[in-house]
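Student: I would like to go through this structure with you and ask, term by term, how each label is justified.

Tutor: Gladly; let us have the structure in view and begin with a pair of charged side chains.

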Amino acid sequence: MPPLPMKLKQSSASASSTNQSLTTTATSAQEARLLVRETLRISATLASFAPSQSQALPLDAQPPKQHLPQLLHHDQDFVGSSFRLICCEEIDGRRWNYVAEPDSSSSSSATTFKKGSFRALSLHSPQPPLDGLMSFVRSYVVPEGFPDSVIPSYVPYMTWRALKHFFGGAMGVFTTQTLLNSVGVSRNTSASGAVAINWILKDGAGRVGKMLFARQGKKFDYDLKQLRFAGDLLMELGAGIELATAAVPHLFLPLACAANVAKNVGAVTSTSTRTPIYKAFAKGENIGDVTAKGECVGNIADLLGTGLSILISKRNPSLINTFALLSCGYVLSSYQEVKSVVLHTLNRARFGVAVDAFLKTGRVPSLLEGNLKENVFNFPWVKDGPIVLGQRFKDAFQEPSVYLAIEPFFEKEKYVVTYNPSKGKVYALFKDQAKSDDILKAAYHAQVLLHFMQLSYNSQHLYQKDKKDEFLNFEPTAKDLEACIVESCNMVSTSYGIFKSKAKEQGWMMSEAHLNPGRARLIK
């Protein structure tokens, strides 16, 4: 039986006020008050569908399992007002309604909406400042998904580790001051103390940089090549800044702090990506042995390089030329180092390489081939590439009519894929029932849509050969976009299973976690 429409009762005063506001000329202030009123009504309706109350309803009037009223379906009018509900979105338990006002003056047979009326309404009270602060702190000090993502012994271990570093940091001030006195910096207590404090401030700035970069989270597991190479570049940047202190010694402290921030960020990327890289090389339960031997090789090479630099420095070579030569060797070695790592998982970069090769040649590249073609210059501080997974609804759709036009094509899927011409990106949005395979299929569909749009607009000479930030740079009509989506749906329905089987044959490990999708979900 189709769901019964549900309407909210209004008091006579409220109904009169609403009718008056709809019949008078709508000003921006009146619209804002109307939206606030409608949000409060929806919140009250949501609260009325508690599980204990829903059990008393007749079977034909049962609300969905999310306990949402039927007005959350976009085919219904928005709470009896002129605004129409387009969809509902949830992120980490927080919900938004997207609404727009139909344009009654339009002569088009398709539903059109007034320009500028598309907006999001929050269905939850504002987050208390303390909760927001705690959420911000947790994003830096605990892993994503905590406490479910770690075992119980993680908490006591990190507690004692924090105490150990606390006492170690306090002790470091006194040991640094003693070392400076030992080498004859100054016998004056206040002077040596000031030098020691400046040195500690330099080191402290580096630790702050290391802490801030730790927020990259799961990228250390999935985009480790990109992060490792970016960290090595930052190490070289820090070395260059340290070199600049010779030219401006009066700026020693700020330059030394900046250099230490860059070098410590590079150090944390090296430390965080070390274990996954060594794990890729180990064939059995010998990760510890592989790690120990790898670190030993690194230390031997470091000592040899130090000895060579001492011999070279005795000849008083040009500081700038020597640094430039050594830096080129360092960066080139770092690039070849990360390119030589062969990983079995399909992160976004390797997934894109695999799907693109499959669509063009009908075969999935081998592990070695896919890793060699992976782009390691996609740094973490750069925005998302041409495909975005699990983003907010408002980022994917600028106009509600576009969503209403393509949504029927994904009625049987647990996702929606579209292209936003204003941002030049393909977006894959997930529905609340989406499982791991649905997210993988959505990512595959997004790659297919990107591929078909490029081919289509190339053939029609509408595709701009110049690209902006490697993203698409064209604005298709609604009809052209719909045609590309239909074509991509047909391709995905026949080829997704084949792609998965061929990827498995090549040894690739496919998991939605490796794609690191966003947490936004569409709710029906």
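Student: What makes the pair Lys 263 and Glu 242 a salt bridge?

Tutor: The side chains of Lys 263 and Glu 242 meet at 3.2 Å, N to O, and a salt bridge is defined as a side-chain nitrogen of Lys or Arg within 4 Å of a carboxyl oxygen of Asp or Glu, so the label applies to this pair. Lys 263 lies in helix H9 (residues 252-281) and Glu 242 in helix H8, so the pair ties together parts that are 21 residues apart in sequence. Helices here are DSSP runs of H or I with at least four residues, strands are runs of E with at least two, and both are numbered from the N terminus. Please keep in mind that this is a predicted model, in which local features need pLDDT of at least 70 and side-chain atom pairs count only at pLDDT 80 or more, whereas totals for chains, interfaces and linings use all residues. Residues are numbered from 1 along each chain as its sequence is written, and side-chain values use heavy atoms, with hydrogens and water left out.

Student: Why are Lys 263 and Glu 242 called partly exposed?

Tutor: Buried means under 20% relative accessible area and exposed means over 50%, with partly exposed in between, using a 1.4 Å probe and protein chains only. Lys 263 has 24% and Glu 242 has 34%, so both values fall in the middle class.

Student: How do you know that Glu 413 and Lys 441 form a salt bridge, and where do the two residues lie?

Tutor: Their closest N and O atoms are 3.2 Å apart, which satisfies the cut-off already given. The pair links distant parts of the chain, since Glu 413 is in the loop between helix H15 (400-406) and strand E5 (415-420), while Lys 441 is in helix H16, 28 residues apart. Glu 413 is partly exposed at 21%, whereas Lys 441 is buried at 17%. Elsewhere, salt bridges that share partners join Lys 225, Arg 350 and Glu 374 into one network, and a search of the whole structure finds 14 salt bridges.

Student: Why is Gln 226 called buried, and which side chain does it meet in a polar contact?

Tutor: Gln 226, which lies in helix H8 (residues 224-244), has a relative accessible area of 3%, so it is classed as buried. Its side chain is joined to that of Glu 374 by a polar contact of 2.9 Å; the term denotes a pair of N or O atoms within 3.5 Å, where within protein one must be able to donate a hydrogen and the other to accept it, and residues adjacent in sequence count only if both atoms are side-chain atoms. Leaving aside residues up to four places away in sequence, Gln 226 touches several residues, among them Asn 347, Ala 349 and Phe 379, where contact means heavy atoms within 4.5 Å.

Student: What makes a set of residues a nonpolar core, and which members of the largest one touch the most others?

Tutor: A nonpolar core is a set of buried Ala, Val, Leu, Ile, Met, Phe, Trp, Tyr and Cys residues joined through side-chain atoms within 4.5 Å. Of the 59 residues in the largest such core, Ile 86, Phe 393 and Tyr 444 touch the most other members. Helix H16 (residues 436-459) supplies the largest share of this core, 11 residues. A second, separate core has five residues, including Ala 230, Val 338, Val 376 and Phe 379. Apart from residues up to four places away in sequence, Tyr 444 touches residues including Phe 351, Phe 358 and Tyr 496.

Student: What is unusual about the phi of Asn 316, and is the residue buried or exposed?

Tutor: Asn 316 has a positive phi of about 50° although it is not a glycine. Most residues other than glycine have a negative phi. Asn 316 lies in the loop between helix H10 (287-313) and helix H11 (319-339), and its relative accessible area of 68% makes it exposed.
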